[in-house]
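Me: I am new to this structure and would like to know what lies behind the words used for it. Please take my questions one at a time.

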Amino acid sequence: MPDKVLIASRFPKALMVRIGERFELLDGGGKPPLETFSAEQLSDVRAAISAGGQGLQREVLDALPALGAIICYGTGYDGIDFAEAAKRKIVVGHSPAANAASVADLAMTLMLAVTRRLLPADDYVRSGNWSAAKPSPLMRPQPGNPGRRIGVYGMGEIGRRIAARAAAFEMDVAYHSRSQHDVPYRYVPSLEALVEWCSVLMIAVRAGADTHHMIDAAMLQKLGPDGYLVNISRGSVIDQQALVAALADKTIAGAGLDVYEKEPHAPDALTAFPNVVLTPHVGGHTIESHVAMQDCVMANLDAFFAGKALPYPVM
(Lines give C-alpha, C1' and ligand atoms only; values in the text may rest on other atoms or scores of the structure.)
Protein backbone atom coordinates (compact mmCIF):
# COMPACT_ATOMS: atom_id res chain seq x y z
CA MET A 1 0.00 0.00 0.00
CA PRO A 2 1.44 3.40 -0.96
CA ASP A 3 1.71 5.97 1.80
CA LYS A 4 -1.28 8.32 2.02
CA VAL A 5 -0.70 12.06 1.52
CA LEU A 6 -3.26 14.85 1.83
CA ILE A 7 -3.12 17.61 -0.81
CA ALA A 8 -4.11 20.51 1.42
CA SER A 9 -4.02 23.28 -1.20
CA ARG A 10 -5.27 23.73 -4.73
CA PHE A 11 -2.75 22.55 -7.31
CA PRO A 12 -3.25 21.77 -11.01
CA LYS A 13 -3.54 18.00 -11.34
CA ALA A 14 -0.65 17.97 -13.80
CA LEU A 15 1.69 19.07 -11.01
CA MET A 16 0.68 16.12 -8.85
CA VAL A 17 1.10 13.35 -11.46
CA ARG A 18 4.69 12.45 -10.51
CA ILE A 19 3.94 12.59 -6.81
CA GLY A 20 0.79 10.52 -7.32
CA GLU A 21 2.86 7.75 -8.92
CA ARG A 22 4.70 7.30 -5.64
CA PHE A 23 2.03 8.13 -3.05
CA GLU A 24 -1.71 7.72 -2.55
CA LEU A 25 -3.06 11.28 -2.79
CA LEU A 26 -6.19 12.60 -1.12
CA ASP A 27 -6.81 15.60 -3.36
CA GLY A 28 -9.90 17.70 -2.73
CA GLY A 29 -9.14 20.12 -5.55
CA GLY A 30 -8.66 23.02 -3.17
CA LYS A 31 -11.83 22.43 -1.18
CA PRO A 32 -11.52 22.32 2.64
CA PRO A 33 -10.44 18.81 3.68
CA LEU A 34 -13.16 18.62 6.32
CA GLU A 35 -15.79 19.16 3.63
CA THR A 36 -14.25 16.71 1.20
CA PHE A 37 -13.06 13.72 3.19
CA SER A 38 -14.50 11.71 6.03
CA ALA A 39 -12.94 11.51 9.47
CA GLU A 40 -12.02 7.90 8.71
CA GLN A 41 -10.19 8.91 5.50
CA LEU A 42 -8.22 11.59 7.35
CA SER A 43 -7.48 9.59 10.48
CA ASP A 44 -4.40 7.80 9.15
CA VAL A 45 -2.95 10.60 7.00
CA ARG A 46 0.65 11.12 8.10
CA ALA A 47 1.78 13.78 5.63
CA ALA A 48 0.28 16.75 3.79
CA ILE A 49 1.43 18.86 0.85
CA SER A 50 0.56 22.55 1.08
CA ALA A 51 1.25 25.78 -0.76
CA GLY A 52 3.70 27.77 1.33
CA GLY A 53 1.38 30.73 1.80
CA GLN A 54 -1.52 28.53 2.88
CA GLY A 55 -1.37 26.72 6.19
CA LEU A 56 -3.60 24.13 7.79
CA GLN A 57 -6.09 25.53 10.27
CA ARG A 58 -6.25 24.05 13.75
CA GLU A 59 -9.57 22.34 13.15
CA VAL A 60 -8.01 20.59 10.14
CA LEU A 61 -5.01 19.56 12.22
CA ASP A 62 -7.41 18.23 14.86
CA ALA A 63 -8.92 15.98 12.20
CA LEU A 64 -5.44 14.66 11.28
CA PRO A 65 -4.30 12.92 14.48
CA ALA A 66 -1.57 10.96 12.69
CA LEU A 67 -0.10 13.93 10.81
CA GLY A 68 3.64 14.16 11.20
CA ALA A 69 4.81 16.25 8.25
CA ILE A 70 3.71 19.28 6.27
CA ILE A 71 5.64 19.59 3.02
CA CYS A 72 5.43 22.96 1.26
CA TYR A 73 5.40 22.86 -2.53
CA GLY A 74 7.72 25.78 -3.18
CA THR A 75 10.20 27.90 -1.29
CA GLY A 76 7.81 29.86 0.93
CA TYR A 77 6.32 28.71 4.21
CA ASP A 78 4.75 31.89 5.58
CA GLY A 79 1.32 30.29 5.96
CA ILE A 80 2.53 27.64 8.40
CA ASP A 81 1.83 28.01 12.13
CA PHE A 82 5.17 26.76 13.43
CA ALA A 83 4.22 27.01 17.08
CA GLU A 84 1.23 24.76 16.47
CA ALA A 85 3.32 22.40 14.35
CA ALA A 86 5.96 22.12 17.05
CA LYS A 87 3.32 21.45 19.71
CA ARG A 88 1.99 18.58 17.62
CA LYS A 89 5.49 17.36 16.71
CA ILE A 90 4.90 18.00 13.01
CA VAL A 91 8.00 18.56 10.87
CA VAL A 92 7.86 21.10 8.04
CA GLY A 93 9.73 20.90 4.76
CA HIS A 94 9.94 23.04 1.63
CA SER A 95 11.74 23.35 -1.71
CA PRO A 96 14.60 25.79 -1.13
CA ALA A 97 15.94 27.60 -4.21
CA ALA A 98 14.01 25.26 -6.54
CA ASN A 99 12.36 28.16 -8.36
CA ALA A 100 14.92 30.88 -7.65
CA ALA A 101 16.11 31.25 -11.25
CA SER A 102 12.65 31.53 -12.77
CA VAL A 103 11.45 33.98 -10.09
CA ALA A 104 14.53 36.14 -10.67
CA ASP A 105 13.87 36.03 -14.41
CA LEU A 106 10.33 37.29 -13.88
CA ALA A 107 11.57 40.04 -11.56
CA MET A 108 13.81 41.31 -14.35
CA THR A 109 11.00 40.91 -16.89
CA LEU A 110 8.66 43.03 -14.75
CA MET A 111 11.37 45.63 -14.23
CA LEU A 112 12.07 45.90 -17.95
CA ALA A 113 8.38 45.92 -18.83
CA VAL A 114 7.48 48.74 -16.47
CA THR A 115 10.59 50.90 -16.92
CA ARG A 116 10.53 50.58 -20.74
CA ARG A 117 6.71 50.93 -20.80
CA LEU A 118 6.19 47.78 -22.81
CA LEU A 119 2.44 47.54 -22.22
CA PRO A 120 1.73 51.09 -23.48
CA ALA A 121 4.14 50.43 -26.37
CA ASP A 122 2.29 47.24 -27.28
CA ASP A 123 -1.02 49.10 -27.16
CA TYR A 124 0.45 51.93 -29.25
CA VAL A 125 1.14 49.45 -32.04
CA ARG A 126 -2.08 47.41 -31.76
CA SER A 127 -4.32 50.49 -31.61
CA GLY A 128 -2.99 51.87 -34.88
CA ASN A 129 -1.71 55.04 -33.20
CA TRP A 130 1.86 54.29 -34.29
CA SER A 131 0.96 53.84 -37.96
CA ALA A 132 -1.21 56.96 -37.73
CA ALA A 133 1.72 58.88 -36.26
CA LYS A 134 -0.40 59.97 -33.31
CA PRO A 135 1.78 61.43 -30.55
CA SER A 136 1.80 59.72 -27.14
CA PRO A 137 3.43 61.06 -23.97
CA LEU A 138 3.96 57.46 -22.86
CA MET A 139 6.33 56.94 -25.78
CA ARG A 140 8.82 59.55 -24.63
CA PRO A 141 12.37 58.23 -24.10
CA GLN A 142 12.98 56.70 -20.68
CA PRO A 143 16.23 56.14 -18.74
CA GLY A 144 18.09 53.01 -19.83
CA ASN A 145 19.65 50.28 -17.70
CA PRO A 146 23.39 51.11 -17.55
CA GLY A 147 23.94 52.92 -14.27
CA ARG A 148 20.38 52.37 -13.04
CA ARG A 149 20.38 51.91 -9.25
CA ILE A 150 18.81 48.61 -8.23
CA GLY A 151 18.00 48.04 -4.56
CA VAL A 152 17.36 44.41 -3.61
CA TYR A 153 15.42 43.92 -0.39
CA GLY A 154 16.36 40.41 0.74
CA MET A 155 19.53 38.55 -0.24
CA GLY A 156 18.44 34.91 -0.22
CA GLU A 157 18.73 32.69 -3.27
CA ILE A 158 16.21 34.74 -5.27
CA GLY A 159 17.73 38.05 -4.23
CA ARG A 160 21.19 36.88 -5.22
CA ARG A 161 20.02 35.83 -8.67
CA ILE A 162 18.17 39.10 -9.20
CA ALA A 163 21.34 40.98 -8.24
CA ALA A 164 23.47 38.90 -10.63
CA ARG A 165 21.06 39.53 -13.49
CA ALA A 166 20.90 43.25 -12.74
CA ALA A 167 24.69 43.46 -12.65
CA ALA A 168 24.84 41.79 -16.07
CA PHE A 169 22.63 44.63 -17.33
CA GLU A 170 25.34 47.08 -16.15
CA MET A 171 23.24 48.30 -13.23
CA ASP A 172 24.53 49.53 -9.89
CA VAL A 173 23.33 47.00 -7.28
CA ALA A 174 22.97 47.39 -3.52
CA TYR A 175 20.95 45.40 -1.01
CA HIS A 176 19.47 45.29 2.47
CA SER A 177 18.74 42.17 4.51
CA ARG A 178 18.73 41.12 8.15
CA SER A 179 22.45 40.41 7.93
CA GLN A 180 25.34 41.16 5.60
CA HIS A 181 26.30 38.42 3.11
CA ASP A 182 29.46 37.51 1.27
CA VAL A 183 28.29 38.86 -2.07
CA PRO A 184 29.87 41.40 -4.46
CA TYR A 185 27.20 44.03 -3.86
CA ARG A 186 27.08 46.96 -1.48
CA TYR A 187 25.27 46.31 1.78
CA VAL A 188 23.01 49.10 3.04
CA PRO A 189 22.34 48.81 6.79
CA SER A 190 18.77 50.17 6.70
CA LEU A 191 15.87 49.60 4.35
CA GLU A 192 15.04 53.31 4.46
CA ALA A 193 18.49 54.21 3.15
CA LEU A 194 18.28 51.59 0.40
CA VAL A 195 14.88 52.89 -0.74
CA GLU A 196 16.11 56.48 -0.82
CA TRP A 197 19.18 55.45 -2.86
CA CYS A 198 17.66 53.18 -5.49
CA SER A 199 15.67 53.90 -8.62
CA VAL A 200 14.15 50.38 -8.69
CA LEU A 201 13.31 48.52 -5.48
CA MET A 202 13.21 44.73 -5.95
CA ILE A 203 11.38 42.97 -3.12
CA ALA A 204 12.78 39.47 -2.58
CA VAL A 205 12.38 39.14 1.18
CA ARG A 206 10.52 36.36 2.98
CA ALA A 207 7.03 37.13 4.20
CA GLY A 208 6.39 37.20 7.93
CA ALA A 209 5.37 39.38 10.83
CA ASP A 210 8.69 41.25 10.63
CA THR A 211 8.19 42.20 6.97
CA HIS A 212 4.43 42.81 6.96
CA HIS A 213 3.69 46.17 5.24
CA MET A 214 7.35 47.16 5.41
CA ILE A 215 6.75 49.04 2.17
CA ASP A 216 4.21 51.58 3.36
CA ALA A 217 3.32 55.14 2.40
CA ALA A 218 6.46 56.55 4.02
CA MET A 219 8.70 54.13 2.15
CA LEU A 220 6.99 54.87 -1.15
CA GLN A 221 7.54 58.56 -0.51
CA LYS A 222 11.27 57.82 -0.10
CA LEU A 223 11.30 55.85 -3.37
CA GLY A 224 10.13 59.01 -5.09
CA PRO A 225 8.59 60.10 -8.41
CA ASP A 226 11.37 58.50 -10.49
CA GLY A 227 11.35 55.24 -8.55
CA TYR A 228 9.84 51.88 -9.51
CA LEU A 229 8.72 49.00 -7.30
CA VAL A 230 8.92 45.31 -8.28
CA ASN A 231 7.50 42.59 -6.02
CA ILE A 232 7.96 38.84 -6.63
CA SER A 233 7.99 37.94 -2.94
CA ARG A 234 4.65 38.06 -1.13
CA GLY A 235 1.90 40.67 -1.33
CA SER A 236 1.91 41.15 2.44
CA VAL A 237 5.23 43.00 2.29
CA ILE A 238 3.51 45.99 0.61
CA ASP A 239 0.66 48.09 1.99
CA GLN A 240 -1.40 47.75 -1.18
CA GLN A 241 -3.75 50.64 -0.39
CA ALA A 242 -0.72 52.88 0.11
CA LEU A 243 0.68 51.65 -3.21
CA VAL A 244 -2.54 52.51 -5.06
CA ALA A 245 -2.49 55.98 -3.51
CA ALA A 246 1.18 56.46 -4.44
CA LEU A 247 0.49 55.50 -8.04
CA ALA A 248 -2.58 57.72 -8.22
CA ASP A 249 -0.77 60.84 -7.02
CA LYS A 250 2.46 59.99 -8.89
CA THR A 251 4.48 59.56 -5.70
CA ILE A 252 6.32 56.77 -7.57
CA ALA A 253 6.87 56.18 -11.28
CA GLY A 254 5.36 52.69 -11.56
CA ALA A 255 5.29 49.10 -10.35
CA GLY A 256 5.65 45.50 -11.53
CA LEU A 257 3.74 43.00 -9.38
CA ASP A 258 3.49 39.21 -9.39
CA VAL A 259 2.01 38.94 -5.88
CA TYR A 260 -0.80 40.69 -4.01
CA GLU A 261 -2.27 41.04 -0.55
CA LYS A 262 -5.24 38.93 -1.62
CA GLU A 263 -4.93 36.20 -4.22
CA PRO A 264 -6.28 35.38 -6.74
CA HIS A 265 -6.06 39.06 -7.55
CA ALA A 266 -9.35 40.46 -8.88
CA PRO A 267 -9.43 43.58 -11.06
CA ASP A 268 -9.21 46.63 -8.84
CA ALA A 269 -7.61 50.06 -8.78
CA LEU A 270 -4.20 48.62 -9.71
CA THR A 271 -5.44 47.52 -13.13
CA ALA A 272 -6.29 51.07 -14.15
CA PHE A 273 -2.69 52.32 -14.20
CA PRO A 274 -0.76 52.16 -17.51
CA ASN A 275 2.49 52.27 -15.52
CA VAL A 276 1.77 49.02 -13.65
CA VAL A 277 2.53 45.54 -14.99
CA LEU A 278 0.61 42.68 -13.35
CA THR A 279 1.19 38.92 -13.51
CA PRO A 280 -0.80 36.17 -11.69
CA HIS A 281 1.84 34.86 -9.23
CA VAL A 282 3.72 32.96 -11.93
CA GLY A 283 7.28 33.71 -10.83
CA GLY A 284 8.09 30.04 -10.24
CA HIS A 285 5.83 28.73 -12.97
CA THR A 286 8.30 27.15 -15.38
CA ILE A 287 8.73 23.49 -16.28
CA GLU A 288 12.20 23.37 -14.75
CA SER A 289 11.04 24.96 -11.50
CA HIS A 290 8.14 22.57 -11.09
CA VAL A 291 10.37 19.56 -11.70
CA ALA A 292 12.80 20.84 -9.08
CA MET A 293 10.01 21.54 -6.57
CA GLN A 294 8.52 18.11 -7.14
CA ASP A 295 11.96 16.57 -6.59
CA CYS A 296 12.18 18.32 -3.21
CA VAL A 297 8.64 17.34 -2.22
CA MET A 298 9.21 13.70 -3.08
CA ALA A 299 12.60 13.59 -1.35
CA ASN A 300 11.05 15.08 1.81
CA LEU A 301 8.14 12.63 1.72
CA ASP A 302 10.40 9.63 1.05
CA ALA A 303 12.62 10.56 3.98
CA PHE A 304 9.70 11.18 6.33
CA PHE A 305 7.98 7.87 5.58
CA ALA A 306 11.34 6.10 5.96
CA GLY A 307 11.73 7.59 9.43
CA LYS A 308 14.63 9.81 8.40
CA ALA A 309 15.26 13.54 8.78
CA LEU A 310 13.89 15.72 5.99
CA PRO A 311 16.58 16.60 3.44
CA TYR A 312 14.91 20.00 2.88
CA PRO A 313 13.58 21.12 6.27
CA VAL A 314 12.46 24.64 7.08
CA MET A 315 15.24 25.96 9.28
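Me: What is the handedness of the crossing of H6 and H8?

Reply: In this predicted model, the crossing of H6 and H8 is right-handed. The word applies because the near helix is turned clockwise from the far one.

Me: Why are H6 and H8 called oblique to each other?

Reply: The angle between H6 and H8 is about 50 degrees, and their axes are 8 Å apart. Angles under 35 degrees would count as roughly parallel, and those from 65 to 115 as roughly perpendicular. An angle of about 50 degrees fits neither range, so the pair is oblique.

Me: Which residues of H6 and H8 meet?

Reply: On the H6 side they include Ala100, Ala104 and Met108, and on the H8 side Ile158, Arg161 and Ile162.

Me: What makes the pair Arg22 and Asp302 a salt bridge?

Reply: The rule asks for a side-chain nitrogen of Lys or Arg within 4 Å of a carboxyl oxygen of Asp or Glu. The closest N and O atoms of Arg22 and Asp302 are 3.0 Å apart, so the pair qualifies. Arg22 is in helix H1 and Asp302 in helix H12, 280 residues apart, and the pair thus links distant parts of the chain. Side chains of opposite charge can pair when their charged atoms come close.

Me: How many salt bridges are there by this rule?

Reply: The count comes to 13.

Me: How do you know whether Arg234 and Asp78 are buried or partly exposed?

Reply: Buried means under 20% relative accessible area, and exposed means over 50%. Arg234 has 19%, so Arg234 is buried. Asp78 has 33%, so Asp78 is partly exposed. The side chains of these two residues meet in a salt bridge, 2.9 Å from N to O. Arg234 sits in the loop between strand E10 and helix H11, while Asp78 sits in the loop between strand E4 and helix H5.

Me: What separates Lys87 and Glu84 along helix H5?

Reply: They are three residues apart in H5, which means a separation of about one helical turn. Their closest N and O atoms are 3.5 Å apart, and they form a salt bridge. Lys87 counts as exposed because its relative accessibility is 59%, whereas Glu84, at 4%, is buried. Salt bridges with shared partners join both residues into one network with Arg58, Asp62, Asp81 and Arg88.

Me: How do you know what span is expected for H12?

Reply: The expected span is 1.5 Å times one less than the number of residues. H12 has 19 residues, and the expected value is 27 Å. From first C-alpha to last, H12 reaches 27 Å, close to that expectation.

Me: What do the buried residues of H12 pack against?

Reply: They pack against strands E1, E3, E4 and E5, as well as helices H1 and H6. Among the buried residues of H12 are Met293, Val297, Leu301 and Phe304. Gly307, which follows H12, has a positive phi, near 80 degrees.

Me: Why is Pro96 called partly exposed?

Reply: Its relative accessibility is 33%. That value lies between the 20% limit for buried and the 50% limit for exposed, so Pro96 counts as partly exposed. Pro96 lies in the loop between E5 and H6. Leaving aside neighbours within four places in sequence, Pro96 is in contact with Thr75 and Tyr312.

Methods: Residues are numbered from 1 along each chain as its sequence is written. This is a predicted model: local features need pLDDT of at least 70, side-chain atom pairs count only at pLDDT 80 or more; totals for chains, interfaces and linings use all residues. Side-chain values use heavy atoms; hydrogens and water are left out. Helices (H or I, at least four residues) and strands (E, at least two) are DSSP runs, numbered from the N terminus. Buried means under 20% relative accessible area, exposed over 50%, partly exposed in between (1.4 Å probe, protein chains only). Contact means heavy atoms within 4.5 Å. Axes are lines fitted to C-alpha atoms, for helices over the stretch in contact, and angles run from 0 to 180 degrees between N-to-C directions. Angles under 35 degrees count as roughly parallel, over 145 as roughly antiparallel, 65 to 115 as roughly perpendicular and the rest as oblique.
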